[in-house]
Amino acid sequence: MFVQVCLYFYCKCLWRCLKFVVRKLTGQCELQRICYNTKPGAARTMKIEASLKGSKSKRLQTSVSVHPDAIEKTIDDIMELKRINPDINPQLGVSLQACLLQIVGYRNLIAEVEKLRREPYDSENPQHEEMLLKLWKCLKPNSPLKARISKQWCEIGFQGDDPKTDFRGMGLLGLYNLVYFAEWDTEIAQQVLSDSLHPKYSQLSKAEWEKKKFDKAIGYSFAIVGINITDLAYNLLVSGALKTHFYNVAPEAPTLTHFQQTFCYLMHEFHKFWIEEDPLDIMEFNRVREKFHKQILKQLQNPEMALCPHFAASESLINM
């Protein structure tokens, strides 16, 4: 234990000495070298974040957790502390600001998502009830709901006649995600719902089914799986795994909309993954989910990764 502690401090001192030598040789601090030598996106932002957090300066360490309104002032403080002339290095301030907006935005997104997750569904709240009914209308536009408490809810994958009990694990976050998917990606959501009920009649042709020997065609409960995938997305967010994706697709601060778009992508991809896995029965759900989770984590290890390219950032990110 003592040897490990000594080794840690030795490496830390050696690293700082190396940084000092490199600065003297290049005339640039670590933040400058990162911004000038790493292209915009997750690779740059994650290096900037690690550099600020690992700094011996408390001012730099706390810069990753400032209020969004204080970011410009924070950039000025960093430039002053690092003795960088903003007139000679105007692009550096712009690049640092973009990175800090993403870093601070990610922290704020976690707080916003956590707040929704902790808020329970309340059947006495008109807004909650309105969202739930909107979910039904988006998924089943040609089948009117006969009553608020009804076995019809099982048709879209809830467990009983009152969906409120199914939201306990993820709170309002599960409902928000399902409604977003059904409202903004309606065609795909309806197709996934249909396939989950009748997997053998999915978009795969008969020849494809025979080729893959899918003889069991096990379906799943759409809404329950949606809440479960919400949990998966939430854990990816809180663990920091989604930084790669968000720093590549959000030119500034990632928002709740980015999170919901990611949920839509995960729902669609999990559906395809489920069919490909061809499980024996629904009891294999946890195994399939864990395998899917590991696949997504592996993809996110690539600093170039954007899970849903059709939500990619605008050209302004490339020009920073």
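Buried, as used here, means under 20% relative accessible area, while exposed means over 50% and partly exposed is in between (1.4 Å probe, protein chains only). By that yardstick Val249 is buried, with a relative accessible area of 3%.

A quick word on where this comes from. This is a predicted model, in which local features need pLDDT of at least 70 and side-chain atom pairs count only at pLDDT 80 or more, while totals for chains, interfaces and linings use all residues. Residues are numbered from 1 along each chain as its sequence is written, and side-chain values use heavy atoms, with hydrogens and water left out.

**The whole chain**

You're looking at 15 helices and zero strands. Helices (H or I, at least four residues) and strands (E, at least two) are DSSP runs, numbered from the N terminus. Of the 320 residues in the chain, 45% are buried. Taking contact to mean heavy atoms within 4.5 Å, residues 24 or more positions apart account for 67% of the contacts with a separation of 6 or more. The chain exposes about 17,500 Å², and 55% of that comes from carbon and sulfur atoms; the areas come from the Shrake-Rupley method with a 1.4 Å probe, and for residues only the protein chains shown count as cover.

**Helix H14, side by side**

H14 runs over residues 285-300, 16 in number, and reaches 22 Å from its first C-alpha to its last, close to the 22 Å expected at 1.5 Å a residue. That expected span is 1.5 Å times one less than the number of residues.

Which residues of H14 are buried? They are Phe285, Val288, Arg289, Phe292, His293, Ile296 and Leu300. They cover an arc of only 140 degrees around the axis, which puts them on the same side of H14. The arc is that of the directions from the helix axis to the C-beta atoms. The background is simple: an α-helix has 3.6 residues a turn, so residues three or four places apart point the same way. Flip to the other side of H14 and you'll find Lys294 and Lys298 exposed. What covers the buried residues includes helix H11 (222-239), helix H12 (243-249) and helix H13 (256-277).

Val249 belongs to helix H12. Its C-alpha atom is separated by 6.5 Å from that of Ala306, although the two residues are 57 apart along the chain.

**Two loop residues with positive phi**

Most residues other than glycine have a negative phi. Here are two that go the other way. Arg83 has a positive phi of about 55 degrees although it is not a glycine, and Asp278, also not a glycine, has a phi near 50 degrees. Arg83 sits in the loop between helix H5 (71-81) and helix H6 (90-118), and Asp278 in the loop between H13 and H14.

**Accessibility at a glance**

| Residue | Relative accessible area | Class |
|---|---|---|
| Arg83 | 78% | exposed |
| Cys154 | 32% | partly exposed |
| Ser196 | 4% | buried |
| Cys264 | 4% | buried |
| Asp278 | 14% | buried |

**Ser196 and the cysteines**

Ser196 lies in helix H9 (residues 186-197). Leaving aside neighbours within four places in sequence, Ser196 is in contact with Gly219, Tyr220, Phe222 and His271.

How many disulfides does a search of the whole structure find? Zero, where a disulfide is a pair of cysteine sulfur atoms within 2.5 Å. Cys154 is partly exposed, whereas Cys264 is buried.
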